[in-house]
Amino acid sequence: MLTKAREYEIVSYRQSVQQKGMLLVLPVPLRAKGKQIFLESQACNGLEQWANNFGSVVVAAPLLPEALATEGKTMTWRDTATLAGPHRFEFVPLPWAYSLPKFLSNYPSVRASLGELISRCRYLQFAIGGLFGDWAAVAALEAHKQGRPYSIHTDRVEHEVMLRSRQGATLKTRLKSRAMAPLIASYHKQIIKNCALGLWHGQDCYSAYSPFCQNSHLIHDIHTKPSDSIGNLELFKKARCAKSDETIRICYAGRIDPMKAPLDWVKAVGRARDLGVNLHATWMGDGSLMTEMKAMIAEMGLSSVIELTGFESDRKKVFKKISESHLMLFTHVTPESPRCLIESLVRGTPIIGYHSDYADDLVNNHGGGMFVPVENWEQLGNLIAQLSNDRERLSTLIQEAGKNGTRFNDQAVFHERSELIKKHLA
């Protein structure tokens, strides 16, 4: 007859043999067309990197209602059947439940499903991001109940993003945000306290969440390839031409929504124009403030200066525009970690904009960026003018950006994160 200790050893051994690969619970939605499952293209690149490091990946994510999918203009979808080694992936669609009634009605069945997935996967990583409908947070609760170590990953401080991005909203929306934000903060704090590993994308997230997790790491969630980095010869030519180019070329790539403060962006460009700068600025993206942004551009007489291209799904075209630009101008007002700033450095384009811990960390000790206080669009416009008048400084920033950008590539960062997960979640 086996002792209880021996029985426990056998059960544990069987579980370790059965458990394999990684379970990812994500907020990035899945999309279904018949039997085909689609996912955002950059997220697909991340899955391939995870599979390269863990062999197999189970992905659980909310299923986007088709009505919302057809309305969206800011996501490039990829058929998951085209992933490298598609047999390495399993996709588990979860309910779209971002209201309290839908979340509560689906909670028991989803938690049971997540419990089964947790029991058969060796490594657990959950990307939290909200309250109702945040199945990654529910997965964390279930993993803790099962006594399983798990990793938490996030790229924005959700409760602060909610408050700051809705400052100009209706009174009802602002009051709701003020009520929800502390609930989200408390909820995430408890989940993070129970995690075995915290992977915080960007300094803003690290500063906010690392005090709650004894095993925290600052990471960068990027999808640029080593081959995407600007070459030495191209960087040299770009820096040299910046000294004599008549027109300062400015770009930005991202959503036109309150988090990005696009109206401040327009004002900064207008300020630089008024100071005599010969410039052309391009914003690649779409979003809720597009109409208001167009109206402001027309009102300020900037139609010949600012170009709004709308959403661009071709990343080669986006990278080309970034490469051709002297500056990436950004006006982020919330604590998030936009990848476009890293992509800009990769292509030798300096980043100038509103200060944040995230942006400051990207160029700390490496160079390639300059910042002004948040919401000070006038000073940002002045900075554009200063760089236009000091072409030696602009040329130096371009060289710094290009050299700095070489350290950012998906193979390196995903391998580093994978090693942390294997070490702390084994």
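## Exercises on a predicted model

Leu 329 stands opposite Ile 352 in strand S15. Keep that pair in mind while you work through this predicted model.

**Exercise 1.** Find out which strand pairs with S15 through three bridges, and in which sense the two run.

*Solution.* Start from residues 351–354, which form S15. Three bridges join S15 to strand S14, residues 327–330, and the two strands run parallel. Now zoom out: the sheet is open, has six strands and follows the order S13-S12-S11-S14-S15-S16, with parallel pairing. Strand S13 (306–310) and strand S16 (369–372) each have a single partner strand, so one side of each is left without a neighbour in the sheet. On average, neighbouring strands here are turned by 20 degrees against each other, ignoring direction.

**Exercise 2.** Work out which strands of this sheet helix H10 touches, and then do it again for helix H15.

*Solution.* Take H10 (residues 262–274) to begin with: H10 packs on the sheet and touches strand S11 (248–253), strand S12 (279–284), S13, S14 and S15. The direction of H10 makes about 170 degrees with that of S12. Next comes H15 (residues 377–389), which touches S11, S14, S15 and S16. For H15, the angle to the direction of S15 is about 160 degrees.

**Exercise 3.** Look at the open sheet of seven strands and name its edge strands.

*Solution.* Write down the order: S6-S4-S1-S7-S8-S9-S10, with parallel pairing. Then check the ends: S6 (89–94) and S10 (216–219) are the edge strands, each pairing on one side only. Moving inside the sheet, S8 (residues 151–154) and S9 (residues 197–201) pair in the parallel sense over four bridges. One partnership to look up is Thr 154, whose bridge partner in S9 is Trp 200. Finally, add helix H17 (residues 410–424): it lies across strand S1 (22–25), strand S7 (123–127), S8, S9 and S10, and runs at about 165 degrees to S9.

**Exercise 4.** Decide how helices H4 and H5 are oriented to each other, and describe their contact.

*Solution.* Grab the angle: the axes of H4 (residues 100–120) and H5 (residues 135–146) cross at roughly 55 degrees and come within 9 Å. That angle falls in none of the ranges for roughly parallel, perpendicular or antiparallel, so H4 and H5 are oblique to each other. Their crossing is right-handed. Among the contact residues are Phe 103, Tyr 107 and Arg 111 of H4, along with Trp 135, Leu 141 and Glu 142 of H5. Sort the whole contact by type and you get 10 nonpolar, four polar and three charged residues.

Note on methods
Residues numbered from 1 in each chain as written. Predicted model: local features only at pLDDT ≥ 70, side-chain atom pairs only at ≥ 80, totals over all residues. Heavy atoms only, no water. Axes fitted to C-alpha atoms, helices over the stretch in contact; angles between N-to-C directions. Parallel < 35°, antiparallel > 145°, perpendicular 65-115°, else oblique. Left-handed = near helix turned anticlockwise from the far one by under 90°. Contact = heavy atoms within 4.5 Å. Nonpolar A, V, L, I, M, F, W, Y, C, P; charged D, E, K, R; others polar. Pairing = 2+ DSSP bridges.
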